[in-house]
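Please give a short report on this structure for someone who has not seen it before. Keep the sentences brisk.

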Protein chains: 2
Amino acid sequence: MMAGPDWHTYLKEHQPRFLDELLDFLRIPSISALPEHASDVGRAAEWVARRLDSAGLEAVQILPTHRHPVVYGEWLHAGKDRPTVLIYGHFDTQPVDPLDLWQSPPFEPEVREDRVYARGASDDKGNMLVPVLAAEALLKTAGSLPVNLKFFLEGEEEIGSQSMRALVQQHRELFACDLIFSADGGQWAADQPSLSVARRGILALQIDLRGPDSDLHSGVFGGAVHNPIHALVQLLATMRAADGRIAVPGFYDHVAPLTDEIRARLSALPYDEEAYRASVGVSALQGEAGYTALERSKVRPTLEINGIAGGFQGSGVKAIVPSSAQAKITCRLVPDQKPDEVFRLIAEHVAARVPPGVEIETTPLASSPAYLTPIDHPGHLVAEAVLTRVYGRKPYLNYVGGTIPVLPIFHECLGVHTVDFSFGLPDERLHAPNEFFRLSSFSRGQEAYCRLFEGLAKEQTDS
Amino acid sequence: MMAGPDWHTYLKEHQPRFLDELLDFLRIPSISALPEHASDVGRAAEWVARRLDSAGLEAVQILPTHRHPVVYGEWLHAGKDRPTVLIYGHFDTQPVDPLDLWQSPPFEPEVREDRVYARGASDDKGNMLVPVLAAEALLKTAGSLPVNLKFFLEGEEEIGSQSMRALVQQHRELFACDLIFSADGGQWAADQPSLSVARRGILALQIDLRGPDSDLHSGVFGGAVHNPIHALVQLLATMRAADGRIAVPGFYDHVAPLTDEIRARLSALPYDEEAYRASVGVSALQGEAGYTALERSKVRPTLEINGIAGGFQGSGVKAIVPSSAQAKITCRLVPDQKPDEVFRLIAEHVAARVPPGVEIETTPLASSPAYLTPIDHPGHLVAEAVLTRVYGRKPYLNYVGGTIPVLPIFHECLGVHTVDFSFGLPDERLHAPNEFFRLSSFSRGQEAYCRLFEGLAKEQTDS
């Protein structure tokens with residue numbers, strides 16, 4: 001069967017339509033975190049379901065959850081001797097603020113040179129669409145796929161995929177598969193592929209402090225009533241030591257020392273700390289003592305205050321003792337750190353330090369443990385071969401600082417590891433203003449997925 | 001001349017109209033801090049000028065400043081043997097947020113029982129209107145005032161009266177007077193008058209920290225790039241010690257120890273710390289060690305964080321390293337603390353503690369030194385007699401924690417001390433949601449001002 005040239009030509013011819021479709025998809029403000037956008041996440045799910053259907057997928061369905069739905073589709077006619085491959089991706093996005101820093105509105109996608117700018121362009125709508133288009137190209141040219149294929153596309157990734165455990169458990173048979181590839185993730189650089197062998201976990205939480213019943217005049221009450229912002233900054237200041245270590249007692253109890261092997265792999269990466277520093281626009285890098293910036297951002301645990309709020313935030317002066325203050329925190333976790341236990345440590349740490357006259361509430365928002373895919377996993381071997389062919393270079397072994405919460409759930413409930421196979425790049429301003437996705441990655445990813453499906457069929461046949 | 005009964009009857013008869021006028025005045029959202037409300041402050045000035053005019057004041061004029069105007073009016077026909085009295089008040093208000101805590105909209109005044117609820121009802125529109133109505137009652141009944149009268153009503157009090165020094169200096173002759181009474185201030189309780197003999201000063205400033213050029217994905221950059229919120233909480237945490245003392249080096253250098261006299265005066269006040277605690281809705285009071293709540297809130301210097309902001313403040317999770325963070329601070333200052341010097345101490349303190357990779361900017365927003373009126377000041381003696389008559393009780397000597405920035409300017413430029421003569425009460429939620437003013441204070445204040453003018457004439461004649 002000479003399917004190769006056929007899908008290749010198909011992809012080339014249909015690129016303008018695929019781009020139009022991506023722009024359509026990006027216009028849906030599917031921000032999963034914000035309740036006012038819940039219906040937009042639903043609209044995005046419907047868009048995805050229609051797109052799977054028109055690509056030639058079957059049994060397409062929208063599976064409701066406690067919060068945002070999952071879109072499922074399948075094509076299972078490759079035969080029993082071929083593997084069943086599940087593709088993961090997500091159609092929800094991060095919020096957009098600060099809105100004033102966007103050069104073009106986040107949900108009015110704009111193509112500038114080789115890039116499409118929009119919230120979700122790289123993370124993950126552009127990347128999520130890639131394997132769907134690859135499947136379409138194969139189905140519309142060869143009339144079949146070389147593997148049995150399932151899509152699991154969700155709407156809660158950016159809020160921690162908290163409904164996914166129940167859903168995957170409930171539909172274990174529907175999602176049963178031999179291999180999982182994630183269309184969420186990325187490559188090392190535009191000219192350098194990589195295999196992601198580990199991801200940090202995440203714990204997200206919120207701390208709320210309450211002082212007086214309402215804001216008070218700071219001239220009348222200042223000095224005599226404890227200010228919850230002061231209490232909050234005192235609490236938060238105790239969480240990190242001057243040397244960058246996280247100072248919550250017990251936080252490192254289950255953090256294994258970095259092995260020489262991991263250190264060697266990371267130091268083998270051609271990494272320019274000065275270029276990295278300049279790219280984020282800071283005068284100096286800073287972090288946990290004794291580790292490189294690469295180690296800090298990829299394989300060491302973190303505690304970051306993502307947001308803080310309290311009292312008056314307008315221009316000028318409002319002389320008050322505020323009634324409340326709030327902070328949002330995410331920790332990135334490494335293997336063996338249990339999110340629930342880390343939450344308990346932090347909650348106990350802050351509760352023990354709240355001054356009299358201030359009430360505290362610590363609320364977990366989302367969590368997922370760290371995740372490791374074995375380096376010699378069969379999926380990695382096929383992915384490596386495909387990436388080497390498509391990029392003309394062997395992929396690096398990479399450790400990823402970010403989290404895909406559903407991966408440990410897949411492993412636990414389906415017994416299957418996930419291999420990253422995605423084409424986002426680290427400079428594409430994920431979670432930040434002016435997010436973009438490279439159109440060259442968009443088309444290259446489609447080719448790579450076609451070759452991946454072919455490679456997986458061959459692998460299975462050979463073995 | 002039997003003017004007494006006449007103005008009394010006039011006040012009684014016109015109370016419904018006066019209330020309607022107050023409600024009109026309160027509908028103008030004259031928030032001086034917010035640039036988008038600058039024209040509303042101007043509208044309030046025009047309202048005040050018209051009202052002075054209709055009360056019978058002369059030479060009414062709106063004096064422009066660098067920012068918000070002053071309204072002036074006079075009646076100078078009492079004769080050279082009568083004192084010239086200047087009345088101070090302000091028609092600007094504090095901002096209104098958090099808006100959702102207001103029971104009725106802040107600029108749609110609502111009368112509930114004896115109270116009118118609106119932003120600015122007590123601070124200071126209601127109180128500012130009181131002497132205008134008293135002057136009208138005298139002018140419309142007796143046809144004259146017992147003293148020469150000037151009004152100085154400003155629109156910048158809530159942002160520190162930063163244009164007032166230049167204006168007062170420029171119009172020294174226009175504002176020349178023998179006595180100044182402030183219609184901004186208050187009484188001890190609904191049934192207990194007080195004389196305010198001291199006010200704390202204020203220093204307002206803002207600290208801005210900048211980290212990376214834009215928000216960054218905390219999974220990709222977390223741990224390696226310094227988070228400006230962490231830097232900010234570390235800085236702010238160093239400003240107050242666990243015992244409530246302000247830990248900025250040099251802050252107490254010019255703070256005189258509390259004299260036995262002041263301690264005795266404060267401890268003579270019938271003050272229920274438990275009732276105070278319950279009234280603000282906290283489980284415990286807290287403040288500088290070694291001082292009572294009354295001392296802390298009235299005569300000791302403070303440092304309060306009025307607001308803090310940075311990163312993501314929406315619902316749920318946004319896993320970022322934010323690009324910036326900000327805090328607003330006001331200090332209340334005691335005599336001999338120079339605002340400029342305290343600003344310098346704080347700016348140096350924070351600049352010395354900024355970690356690498358984070359840029360800092362500290363900006364002064366407003367300042368005014370503490371202010372003392374001599375206890376035996378002639379104005380105090382007349383005020384004491386009038387308050388004793390109106391309340392049926394002798395006033396307490398009170399120390400006030402809040403600031404009226406123009407008072408030291410009047411003293412410096414005009415050589416005249418100011419006596420508080422105002423009828424707000426400390427529970428009226430100044431600067432907070434659901435601010436209100438008692439209608440009983442509104443009418444009682446009018447009577448008190450009529451008696452004050454008469455008393456000042458008599459005093460001068462007697463002496």
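The report below takes the pairing of the chains, then the domains, the sheets, a helix and the core.

**Two chains.** This is a predicted model. A rotation of 180° with 0.1 Å of shift along its axis lays chain A onto chain B, with an RMSD of 0.1 Å. The two copies are therefore related as by a two-fold rotation axis. Both copies use the same surface: 100% of the contact residues of chain A recur in chain B.

The contact between the chains draws 86 residues from chain A and 87 residues from chain B. Which strand gives the largest share of the side of chain A that touches chain B? Strand β11 of chain A, residues 302-311, supplies that share, with 9 residues. By class, this side of chain A holds 41 nonpolar, 33 polar and 12 charged residues.

Strand β11 also takes part in pairing across the two chains. β11(A) and β11(B), the latter residues 302-311 of chain B, pair in the antiparallel sense over 5 bridges. A:G310 has B:I308 in β11(B) as its bridge partner.

**Domains of chain A.** The domain assignment splits chain A into domain 1 (3-199 + 370-462) and domain 2 (201-255 + 301-367). Taken over C-alpha atoms, the centres of domain 1 and domain 2 of chain A are 36 Å apart. Their contact takes 9 residues from domain 1 of chain A and 10 residues from domain 2 of chain A. On the side of domain 1 of chain A that touches domain 2 of chain A, 5 residues are nonpolar, 4 are polar and none is charged.

**A sheet in chain B.** Here 3 strands form an open sheet in the order β15-β8-β16, with mixed pairing. Why is one side of β15 and of β16 in chain B left without a neighbour in the sheet? β15 (371-372) and β16 (396-400) of chain B stand at the edges, and each has a single partner strand, so one side of each stays free of a neighbour in the sheet. Strand β8 of chain B, residues 194-199, pairs with β16(B) in the parallel sense over 5 bridges. B:A198 stands opposite B:Y399 in β16(B).

**Strand β8 in chain A.** Strand β8 of chain A, residues 194-199, is mostly covered, with 5 of its 6 residues buried. The table lists its pairings.

| Strand pair | Sense | Bridges |
|---|---|---|
| β8(A) and β16(A), residues 396-400 | parallel | 5 bridges |
| β8(A) and β15(A), residues 371-372 | antiparallel | 2 bridges |

Single residues show how these pairs line up. A:S194 has A:Y396 in β16(A) as its bridge partner. A:A198 has A:L372 in β15(A) as a bridge partner. Strands of a sheet pair through backbone hydrogen bonds, either parallel or antiparallel.

**Helix α3 in chain B.** Is this helix mostly covered or mostly uncovered? Helix α3 of chain B, residues 121-141, is mostly covered: 18 of its 21 residues are buried. Just after α3(B), B:G143 takes a positive phi of about 80°.

**The core.** The largest nonpolar core has 268 residues. Which of them touch the most other members? They are A:L452, A:F453, B:L452 and B:F453. Leaving aside residues up to four places away in sequence, B:L452 touches B:F181, B:V382, B:A383, B:V386 and B:F421. In soluble globular proteins, nonpolar side chains tend to be buried together.

Note on methods: Residues are numbered from 1 along each chain as its sequence is written. Chains are lettered from A and ligands numbered from 1 in the order in which they are written. This is a predicted model: local features need pLDDT of at least 70, side-chain atom pairs count only at pLDDT 80 or more; totals for chains, interfaces and linings use all residues. A residue is buried if 20 or more other C-beta atoms lie within 10 Å of its own, exposed if 12 or fewer, and partly exposed in between; C-beta atoms are placed from the backbone. Helices (H or I, at least four residues) and strands (E, at least two) are DSSP runs, numbered from the N terminus. A nonpolar core is a set of buried Ala, Val, Leu, Ile, Met, Phe, Trp, Tyr and Cys residues joined through C-beta atoms within 7 Å. Two residues are in contact if their C-beta atoms, placed from the backbone, lie within 7 Å. Ala, Val, Leu, Ile, Met, Phe, Trp, Tyr, Cys and Pro count as nonpolar, Asp, Glu, Lys and Arg as charged, and the others, Gly among them, as polar. Two strands pair if DSSP finds at least two bridges between them. Copies are superposed by least squares on the C-alpha atoms of residues with pLDDT of at least 70 in both. Domain bounds come from an automatic or database domain assignment.
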